[in-house]
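Trainee: Could you take me through one part of this model up close? I'd like to see how a single helix sits in its surroundings.

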Amino acid sequence: MKSGVMFQFFSLLIVAGAIIFFIQKARSGTTNQIRTIAGLEAIEEAVGRATEMGRMVHFSPGIAGLNGVTAAQTFAGLETLGMVSKLVARYGAKIFVSIRQPIVLPLAEEVVRQAYMAEGAIEAYDEDCVQYLSSQQFAYAAAVMGIIQREKAAANILLGGFWAESLMIAEAGFHAGAIQIAGSANITQVPFFVAACDYVLIGEELYAAGAIASGNPVKLGSIAGQDISKLYAMILLVIGVLAASAGSDFLYDLMIK
Amino acid sequence: MIGTWLAAIGTLGLMSFAIKENPFYRFVEHVYVGIGAAHSVVMGWESLQTKAITPMVESADYIKIIPLIVGLLLFARFFKGQMWLSRYPLAMLVGIGTGLTIKGTIGAQIINQVRATLVPLNSINNIIIVLGVLTVLMFFYFTRKNTNPLFNTSSRIGRYVMMIAFGALFGNAVMGRMSLMIGRVQFLLGDWLGLLG
């Protein structure tokens, strides 16, 4: 076997094995208890506020696409979009979903349409409520800022992959007086959300929120499986640090085998 | 000359948002979005030409017809009853993308990071590093009850550790944004108005 990747390979087996095991357990009917996520619980309050004020809810699933390492953030955002759209359809509020990646547009449209259908309010579904704005990062940001300000959005929900445009959009929402819920796994952008938004989903909370919002036990099982990978990292860390303190580098060396 | 004037007007228009949303900003915003769309179309067409059409026409590389057909299937969503066809290219995009991502993820995002944290507990810095990583990992442990005191305490410490890190990141990013702002002001005062020596 190729040297330098043995430990990685066995770690992959442990992580993947744990995720598959918990997914199978969830399929067989075991439910996984997930801790509460404040930002997710605030979504109903935000949609309710928008309904009372008669103003729109703005939602962005981020600017990432559907491939690469950041795709998971877009999918988590779209899962949450389903939940937000259901609440919007139930309360009779208005939603506007801004899209940067053309490839995300059909998925977002489908998610919102399905949500309206699930709530029995398909006649209230507006085909223009999901719009592609621009593939250019800052043109997209400029358009979203303008829309949030002109429409005076009552709620601004930003859940997905965001980069330098995060603070620009969050600031526009703040000036419009919107209740803001944001989350991203791009850790460099979370500080801006913490500074400008009411509720923030930090890092992996975004994925957990997506799984909770989908209500899919298999996805919740996947979150439980990922927790095992964190436990694995913690065990490695404790053993390695204790060994290093005692003058042994065996784990350090083992990891590059 | 015209380019400099257009860039200066665009910069001022976008900066005017700092006062409030106004017709000048709206005009520049729409121009920006329009140019962005046009740019995307041109880039898309160029990519199609260089990667598919030219190899097929000049080198008889007909295998390129396969990705071309897969790409065209994306447009099936505009035809009622044929919408299901557009799901295949999407599934391929997501599947191939995810598969490629797995390569290197375990090494870069788990093993290397754990390895970098295997430090002896012989200094305050090292103790902070190890405790910080452990408590932050505890914060992201989701399958637990909200009443678990061990997790609640460690999660709270983990949150404080993250907030300190976010503060440092925020400061860094603000410095970066300030240098961007200085760049634009230099452009306006120097390149456009010629006021800087």
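Mentor: Sure, and keep in mind that this is a predicted model. Let's take H1 of chain A and begin with its open side: A:Phe9, A:Phe10, A:Leu13, A:Gly17 and A:Arg27 are exposed there. Across from them, the buried residues of H1(A) are A:Gln8, A:Ser11, A:Val15, A:Phe22 and A:Ala26. Look down the axis of H1(A) and those buried residues fall within an arc of 80°, so they line one face of the helix. That spacing has a simple background: an α-helix has 3.6 residues a turn, so residues three or four places apart point the same way.

What sits over that face? Among the elements covering the buried residues of H1(A) are helix H9 (217–245) of chain A and H5 of chain B, so to speak a cover with parts from both chains.

As for length, H1(A) runs over residues 6–27, and its 22 residues should span 32 Å at 1.5 Å a residue; the end C-alpha atoms lie 31 Å apart, which agrees. Just past the helix, A:Gly29 adopts a positive phi of about 110°.

Now step back to the contact between the chains, which takes 52 residues from chain A and 49 residues from chain B. On the chain B side, H2 (23–59), H4 (87–102), H5 (105–116), H6 (124–139) and H7 (149–192) each supply at least two residues. H2(B) gives the largest share of that side, 9 residues. Sorted by class, the side of chain B that touches chain A has 29 nonpolar, 13 polar and 7 charged residues.

Key: Residues numbered from 1 in each chain as written. Chains lettered and ligands numbered in written order. Predicted model: local features only at pLDDT ≥ 70, side-chain atom pairs only at ≥ 80, totals over all residues. Contact = placed C-beta atoms within 7 Å. Helix = DSSP H or I, 4+ residues; strand = E, 2+ residues; numbered from the N terminus. Nonpolar A, V, L, I, M, F, W, Y, C, P; charged D, E, K, R; others polar. Expected span 1.5 Å × (residues − 1). Buried ≥ 20, exposed ≤ 12 C-beta atoms within 10 Å, placed from the backbone. Arc of directions from axis to C-beta.
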